[in-house]
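I sat down with this one to look up a few things about its surface, its helices, a hairpin and its cysteines. Here are my notes, in the order I went.

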Amino acid sequence: MKKMNLWKKIVITALSVCMLVPSVPAAADSTVPYDSYNYDYWEDIKFTPAPYIPDRSVSGTTLGVGTLVNPQDLCVSPNGSIYIADTGNHRILEVDASLSKTVRVIDSFDRDGTQEKFNSPYGVCVSKNGQIYIADSENHRIVVLEESDLSFVRIIENPTSDVLEENFVFTPLKVTVDYADRVYSIAKGMFQGIMVFEGEGEFTGFFGTIEVNITTWEKIWRKLSTKAQRSKQVLFIPTEFTGIDIDADGFVYASNIDQNGIQAVRRLNPKGEDVIKKGENLNVGGDLQTVSLSMSDYGGVSTIVDVVYRGKGIYSLLDSRRGRIFTYDHEGNLLYIFGGLGTQAGTFTTPVAIEAVGDKIIVLDANRRELLVFKETQYGDLINRAVALRYDDDETLAVDLWKQVLMLDENNELANVGIGKAYLTAGDNESAMKYLKLGMSRKYYSVAYRRYRNDFLKKYLGFILTGIVLLTAAVVLVNRHIKKKKGVYEEEGGAFDV
């Protein structure tokens, strides 16, 4: 008996110690130098397997061109070559698709017999028509060259317009081009929006201007304030764009700094209207703001510095504040988060640009002076392929992929929603309700429930109505029988006792 009491004390003590230790979610893979995670319906952090893991890093030395100095931009050309804006060295590098060797070093061009050099080029892109657009920032111009032989095409400089200030100095930082050869440029200190150039480089106006929402109280306060007080108040100026990319249909994806952490990217149609979808939580701003203090390293406003459109509605945002990469689908659903700051291989110090090459993601780090390459894991591959099928309206074909995702991450709400929507499309509303409930999708669960209810009524309504009629008839007959029996007793002068 004493021995049994001793064991009870040991077990109780052990349980008490365990209860005192706070539960900390474990990282999905301890061999990866960063945590991968997502947010659930309640906006709590849920750690996940890594969708991408570090593959290798590429420096100027490994490319045989010396150390990169303050590199600022990346671009993948239609032929697969990768262009790097080696800003501090005043040159553009063309590297082969495998990132194993340098194809060309472009630091100057021939303009009507005169050799002209670049001065701190911040941005570079290659159009579908095979022309290189270089944001020659400190020379205050955009230089256009033929990719095939680097022959001079034209220069975009000194834009003039009534909407520009007289002393405006054009300093392009990022540049991209659509299928119609319209040029979109993010310029230094330009808060009115993205600058658009057409034809031979004529400035035609601003694109995608972000409206500033000022509260009624702020308007009243500014009117009542003195001139000195107003000078100390926050200036209500539009947000400056930070990165830019374009899809095959001409929609411009533009990242921006959002101090509220709600929307750090826009999808602009040809009219300049933002048509991006924001998902269930109406947020495409990176990390959420609602995490607990114990998880403060994960939540809070992100500083989004670049965006890359990866096809099939998928795009990724680069956060320089915590070194994270956020990936969304065309509906604004957050697919996965990975990356981090640090000195270990596979982490960043100052990430500035992001690109996607095949199944790999490449990030340019200005301070580390190198490219960091990340390769897709099974988890990332399954999600990417399932989302691509979903984008093509092949929900049913994606079911098997989503089920494999759930085997790796049982808490993946998007996988449950994907399976639920597939069952919904197939007409299996009862199964759809099960998965949509697990995926916390109120919208589609309501659809499934309504269809399930309607199907149930169609199938059993005849039996239900027949049952009601029979039950009503039975009640009427019983009542008549009781009344009749009661009348007989009363006529015979007896008591009626039910």
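Before placing anything in a helix, I reminded myself that helices here are DSSP runs of at least four residues, numbered from the N terminus. I also kept in mind that this is a predicted model.

**Surface patch**

I started with Ile-464, which lies in helix H8, residues 442-491. Is Ile-464 buried or exposed? Neither, it turned out: Ile-464 is partly exposed, because its relative accessible area is 35%, and partly exposed covers what falls between under 20% and over 50%. Then I looked for its company on the surface. Ile-464 joins Phe-456, Leu-457, Leu-465 and Ile-468 in a nonpolar surface patch, and together they have about 420 Å² of accessible area. I noted that residues three or four places apart on an α-helix point the same way, because there are 3.6 residues a turn.

**Helices H7 and H4**

Next I went to helix H7, residues 429-438. Its buried residues are Asn-429, Ala-432, Met-433, Tyr-435 and Leu-436. After H7 comes Met-440, with a positive phi near 55 degrees.

For helix H4, residues 378-391, I checked the length. Its 14 residues should span 20 Å at 1.5 Å a residue, and the end C-alpha atoms are 20 Å apart, so the two agree. I then listed what H4 buries: among them are Tyr-379, Leu-382, Ile-383, Val-387 and Arg-390. Asp-393 follows H4, and its phi is positive too, near 65 degrees.

**The E10-E11 hairpin**

Strand E10, residues 123-126, came next. Which residues cover its two sides? I found Gly-123 and Cys-125 on one side, Val-124 and Val-126 on the other, and all of them are buried. E10 runs antiparallel to strand E11, residues 131-136, and four bridges join them. Across from Val-124 I found Ile-134 of E11. The hairpin has four residues between the strands, and Gly-130 takes a positive phi there, near 80 degrees.

**Cysteines**

Cys-125 of E10 made me look for disulfides. How many does the structure hold? The count is zero. Why do Cys-75 and Cys-125 not bond? The closest cysteine sulfur to that of Cys-75 is in Cys-125, 5.5 Å away, which is too far for a bond, since a disulfide needs the sulfur atoms within 2.5 Å. From the other end, Cys-125 has the sulfur of Cys-75 as its nearest, and Cys-125 is in no disulfide. I checked burial last: Cys-75 is buried at 6% relative accessible area, and Cys-125 counts as buried at 5%.

Key: Residues numbered from 1 in each chain as written. Predicted model: local features only at pLDDT ≥ 70, side-chain atom pairs only at ≥ 80, totals over all residues. Heavy atoms only, no water. Patch = residues over 30% accessible without salt bridge, like charges linked within 9 Å, V, L, I, M, F, W, Y side chains within 5 Å. Areas by Shrake-Rupley, 256 points an atom, 1.4 Å probe, with all protein chains shown as cover. Salt bridge = Lys/Arg side-chain N within 4 Å of Asp/Glu carboxyl O. Buried < 20%, exposed > 50% of the residue type's maximum accessible area, 1.4 Å probe, protein only. Expected span 1.5 Å × (residues − 1). Pairing = 2+ DSSP bridges.
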